[in-house]
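Visitor: Could you walk me through this model and tell me how each label is earned?
Guide: Gladly; here it is.
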Amino acid sequence: MDTILTVNQLSVFHQNAEHYLLEDIHFSLYRGQVLALVGASGSGKSLLAQSILQLLPDNLRQNGDVLYSDRQVNEHDRGRNIVLIPQSVEALDPLMKVGKQIEGLIQAENPHQVMLDLLAQLGLNADIATRYPFQLSGGQARRVLATIALGSPANVVIADEPTPGLDEEAKYEMIALLKEVQQAGKAILLITHDFDVALQLADQVAVLDQGEIIEVTDVHHFSGDGEKLVHPLTKALWQSLPQNLFIKYAEKT
Amino acid sequence: MLEVANLSYTLPNQTTLFDDISLTLDEGEIIGLSGASGLGKTTFAKVITGYLPAQSGEINCKSLKNKPHPVQLIWQHPEQSVNPKWRLQKVLEEAGDINKHLLNQLNIPFEWLQRYPHQLSGGQLQRICIARCLLTNPSYIIADEITTMLDPIAQAEIWQLIMEYVQKNKIGLLIISHDHPLLENLCEKILDFTQFVKPFEGLSRNNDEGVRT
């Protein structure tokens with residue numbers, strides 16, 4: 001398989017608190033693969049994204065390898081080879097119209113047209129481009145962030161919680177667009193706590209708990225009572241979904 | 001019974017968000033409300049809980065003039081619904097006398113009360129917000145997307161706590177959510193907010209015109 005990103009023995013150490021926030025993380029992404037990363041809030045999902053992109057604050061120390069096509073990732077890969085759809089809608093420049101922000105980052109002959117196409121695919125009206133970020137709803141801002149990332153030529157897309165706040169229809173448009181990205185041969189690391197999204201997009205699911213990947217499993221193993229899942233926490237995440245045991249699960253514990 | 005009759009809301013720019021909503025919520029009844037984002041579900045929630053004035057139509061229930069308000073709202077973003085400069089003890093005391101038994105039921109350790117909001121995770125803070133709501137002894141609760149930001153285990157735990165409390169105390173509950181499996185699991189009936197909405201210009205989702213130029 002054509003591996004494009006390899007993470008090997010990655011750890012992140014908090015120098016002041018003197019403990020590991022991520023420990024011994026291994027995985028690889030190949031072209032056309034979607035790997036979902038799930039886990040409770042605070043388990044280190046976004047931190048792993050920052051770590052891959054070399055965006056950690058100074059008080060955190062990173063060890064291990066993050067390889068893009070067999071060489072260490074550096075800051076020049078950001079936006080060119082690896083692109084992030086950030087979790088926070090505050091990532092937009094509040095003083096710049098969103099159309100300008102998107103166009104400025106699209107590397108194509110006709111960035112304006114590419115932008116309009118992407119906006120349309122995500123169900124957004126073209127007049128969104130003339131607005132400032134504060135004039136967008138939460139769901140609209142999230143889709144604008146996605147257009148910025150998907151307009152880039154990067155082969156690896158890290159999507160950090162791309163769907164909260166989106167209604168059903170907008171969510172499926174986002175899923176459809178990410179599927180196109182996958183079919184174009186790019187690799188996606190999908191960070192999410194929405195199992196619905198993970199199950200529709202991912203080939204494999206990695207479960208992160210307190211900075212460690214406790215299980216990587218085939219997406220088809222999330223079915224029935226979760227009898228094909230190995231780790232108790234993975235089972236618990238699956239069983240506690242509203243379409244499964246839900247509050248009956250919480251009563252048991 | 002909470003009665004909402006012919007409620008409408010128009011923004012200052014003359015855009016009508018929703019028009020002529022009527023619904024009733026019985027004590028002990030659990031109703032779901034779904035619908036696309038940006039249609040005014042949160043505005044509707046704010047009107048029936050008294051955060052925004054009703055422009056037309058009526059809201060009636062027993063002891064509506066009482067304080068605290070008998071219809072309480074639990075907000076979507078807990079970090080935006082508490083004073084960041086108050087310790088959580090003060091946050092809770094605003095709602096009424098702190099009830100240790102209730103905190104126990106919600107798995108809130110007493111030592112959290114000396115912390116500030118940013119020292120808890122989103123799910124922990126949402127439990128504080130639920131405690132604050134319940135401390136007012138509400139007759140009705142409006143839960144506006146209260147678990148979207150949480151992982152599935154935290155979601156299941158929070159709903160288990162709320163359902164237990166609501167059933168025991170015969171509270172009417174309106175759950176606003178995009179999550180259909182969740183609504184189907186918890187609610188006796190599910191209303192579609194779209195039916196109350198007049199199509200208006202500037203709606204983000206407009207499939208007929210203006211999308212492709």
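Guide: In chain B, 75% of the contacts with a separation of 6 or more are between residues 24 or more positions apart; a contact means two C-beta atoms, placed from the backbone, within 7 Å. This is a predicted model, where local features need pLDDT of at least 70, side-chain atom pairs count only at pLDDT 80 or more, and totals for chains, interfaces and linings use all residues. Residues are numbered from 1 along each chain as its sequence is written, while chains are lettered from A and ligands numbered from 1 in the order in which they are written.

Visitor: What makes up the secondary structure of chain B?
Guide: Six helices and eight strands, counted as DSSP runs numbered from the N terminus: H or I of at least four residues for helices, E of at least two for strands.

Visitor: Why is chain B called as compact as a globular protein of its length?
Guide: Its radius of gyration, taken over C-alpha atoms, is set against 2.2 Å times the number of residues to the power 0.38. Chain B has 18 Å, close to the 17 Å that the rule gives for 213 residues, so the label fits.

Visitor: Which strands are the edges of the open six-stranded sheet in chain A, ordered 6-7-8-3-9-10?
Guide: Strand 6 (82–85) and strand 10 (212–218) of chain A, since each pairs on one side only; pairing takes at least two DSSP bridges between two strands.

Visitor: What joins strand 3 to strand 8 of chain A?
Guide: Four bridges, with the strands running parallel, and Leu37(A) stands opposite Ile191(A) there.
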